[in-house]
Amino acid sequence: MSGKTGAEPGAGASTGTRIREVAVHVLEAPIEGVFASSQAWYERRSAMLVEITTESGMVGWGEAFGPARITAAVVRHLRPLLLGRDAIAVDAIWQDLYNALRDHGQRGVVVEAISAIDIALWDIRGHHYQAPIHALLGGPLRTEVAAYATGLYRRRDDDHARYLCEEAAGYVERGFRAVKLKTGFGVDHDIRMTHAVRKAIGPDVRLMVDANHAWDVADAIRYGRAVEALDIGWIEEPVVPEDIDGYVAVKRALPIPIAGGEASFSRFGFRDLLVQRAVDILQPDVAAAGGISECRKIFDMASAFGIRCNPH
């Protein structure tokens, strides 16, 4: 399928919804409290925002997950394909952008850049129809969503158990009924820290863990068996995202739910996770997996397979 629409850019669009300009904004700032996941130390934070303006002056904003300067370059490359297009035609635009780089960007930074563009286009749709995006998607399925505290990274402090337990207890004091612990710093260390944090928050607060794909299958299973009695809500990204068979092996070996998907892209990448039943909980990131247009397709596929979704 070529993806060609057979129409001129912007054909059928009202003057007000045609795209006049596409701008990118790279934001960067140092972090006062340097922290680490299993993969890297973070001394700076960055973000890449896309600003799309229509001929009537409506503005939509979107954000890309991933390396800001690289995703910004992709958006600049795709900009000529957007100018003059009908901003309301999100599916047609998504298809054309994806096909333009399909030979080179079926995943990763290209899809992350398209995600930011798509989110900005949905923002414009909301302005155009004067409705929140959830209404344009069919309305809310629920009116409340339980929040969990993501934190518990590593610091440059050798007393890891002390600061992790203090931080976790602080989230509970602020009203969170679930927290997520970063793991992937060595299996024995991970096991000790998980036991310590569970003791600090008590038995009634949900505890999830996120290895950021630091383990291999053997270590993931060893960790899971060592913490099985701690009522872990899920183990996130236990192995590298390319190793779907590894996900399946870990899932089969442990009673703890397995989560993943933040490093998967488009309906095509998530199809493989679903068909192989590699996870219990799917975690598409709207700013990485293809934007709102693609994530609604992913959520529908997950529903058909009976797999829970918890967006990244």
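**Exercise 1. Classify Lys182 and Asp210 as buried or exposed, and describe the link between them.**

Solution. At 6% relative accessibility, Lys182 counts as buried, where buried means under 20% relative accessible area, exposed over 50%, and partly exposed in between (1.4 Å probe, protein chains only). Asp210 is likewise buried, at 1%.

Next, consider the contact. Lys182 forms a salt bridge with Asp210, and their closest N and O atoms are 2.8 Å apart. A salt bridge requires a side-chain nitrogen of Lys or Arg within 4 Å of a carboxyl oxygen of Asp or Glu.

Finally, place the residues. Lys182 belongs to strand β5 (residues 178–182) and Asp210 to strand β6 (residues 206–210), so the pair ties together parts that are 28 residues apart in sequence. Helices (H or I, at least four residues) and strands (E, at least two) are DSSP runs, numbered from the N terminus.

The model is predicted: local features need pLDDT of at least 70, side-chain atom pairs count only at pLDDT 80 or more, and totals for chains, interfaces and linings use all residues. Residues are numbered from 1 along each chain as its sequence is written, and side-chain values use heavy atoms, leaving out hydrogens and water.

**Exercise 2. Determine which parts of the structure the salt bridge between Glu43 and Arg156 ties together.**

Solution. The side chains of Glu43 and Arg156 meet with an N to O distance of 3.4 Å. Glu43 lies in strand β2, whereas Arg156 lies in the loop between β4 (149–150) and α5 (160–173), so the salt bridge ties together parts that are 113 residues apart in sequence.

As to accessibility, Glu43 is partly exposed at 44%, and Arg156 is exposed at 57%. The whole structure holds 17 salt bridges.

**Exercise 3. Describe the salt bridge within helix α5.**

Solution. Arg162 and Glu166 both lie in helix α5, four residues apart, about one turn of the helix. An α-helix has 3.6 residues a turn, so residues three or four places apart point the same way. The side chains of Arg162 and Glu166 form a salt bridge of 3.3 Å, N to O. Arg162 is partly exposed, with a relative accessible area of 35%.

**Exercise 4. State the strand order of the open sheet of three strands and locate its edges.**

Solution. The order is β1-β2-β3, with antiparallel pairing; two strands pair if DSSP finds at least two bridges between them. The edge strands are β1 (19–36) and β3 (59–64), each of which pairs on one side only. On average, neighbouring strands of this sheet are turned by 20° against each other, direction ignored.

Strand β2 (residues 41–54) and β3 pair over six bridges. The bridge partner of Glu51 is Trp61 in β3.

Now add the helix. Helix α3 (residues 109–129) lies across β1, β2 and β3, and runs at about 150° to β3. Axes are lines fitted to C-alpha atoms, for helices over the stretch in contact (heavy atoms within 4.5 Å), and angles run from 0 to 180 degrees between N-to-C directions.

**Exercise 5. Explain why Cys309 forms no disulfide with Cys295.**

Solution. A disulfide is a pair of cysteine sulfur atoms within 2.5 Å. The cysteine sulfur closest to that of Cys309 is in Cys295, 8.9 Å away, which is too far for a bond. Cys309 itself is partly exposed, at 32% relative accessibility. The structure as a whole holds zero disulfides.
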